[in-house]
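Got your viewer open? Let's take a short walk through this one, selecting a few residues as we go.

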Amino acid sequence: MGLLKSAVKYKAAKKVTNKAFGDGVLSSVVAAKAVKKSNQRSNERRNKRS
């Protein structure tokens with residue numbers, strides 16, 4: 001389930017970054033970093049509840 005969520009987040013982030021940076025490598029890198037940051041925040045929230 002986690003991988004599917006990340007894939008959906010990446011696709012959404014890529015759509016936004018493509019508009020901002022154009023369809024290239026920079027867009028992919030920025031989208032990947034955004035997803036990584038989002039996943040870190042989610043993990044911190046989940047660990048805080050436990």
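Is K14 buried or exposed? Select K14 and have a look, keeping in mind that this is a predicted model. K14 is buried, because its relative accessible area is 15% and the cut-off for buried is under 20%.

**Stop 1: around K14.** You'll find K14 in helix α1, which covers residues 2-21. Now show what K14 touches: leaving out residues up to four places away in sequence, its contacts are D23, G24, S27, S28 and A31.

**Stop 2: a charged pair.** Keep K14 on screen and add D23 from that contact list. Side chains of opposite charge can pair when their charged atoms come close. Here, the side chains of K14 and D23 form a salt bridge, with 3.6 Å from N to O. How many salt bridges does the count come to? The count is 1. The two partners sit in contrasting surroundings: D23 counts as exposed because its relative accessibility is 69%, whereas K14 is buried at 15%.

**Stop 3: the positive patch.** Next, select K5, K37, R41, R45, R46 and R49, and turn on the surface. These residues gather there in a patch of positive charge. Which helix gives the most to the positive patch? That's helix α2, residues 25-49, with 5 residues.

**Last stop: K37.** Zoom in on K37, one of the patch residues. K37 lies in helix α2. With a relative accessibility of 52%, K37 counts as exposed, since the cut-off for exposed is over 50%.

Technical notes: Residues numbered from 1 in each chain as written. Predicted model: local features only at pLDDT ≥ 70, side-chain atom pairs only at ≥ 80, totals over all residues. Heavy atoms only, no water. Salt bridge = Lys/Arg side-chain N within 4 Å of Asp/Glu carboxyl O. Buried < 20%, exposed > 50% of the residue type's maximum accessible area, 1.4 Å probe, protein only. Patch = residues over 30% accessible without salt bridge, like charges linked within 9 Å, V, L, I, M, F, W, Y side chains within 5 Å. Areas by Shrake-Rupley, 256 points an atom, 1.4 Å probe, with all protein chains shown as cover. Lys, Arg positive; Asp, Glu negative; His and termini not counted. Charge placed at Lys NZ, Arg CZ, Asp CG, Glu CD. Helix = DSSP H or I, 4+ residues; strand = E, 2+ residues; numbered from the N terminus. Contact = heavy atoms within 4.5 Å.
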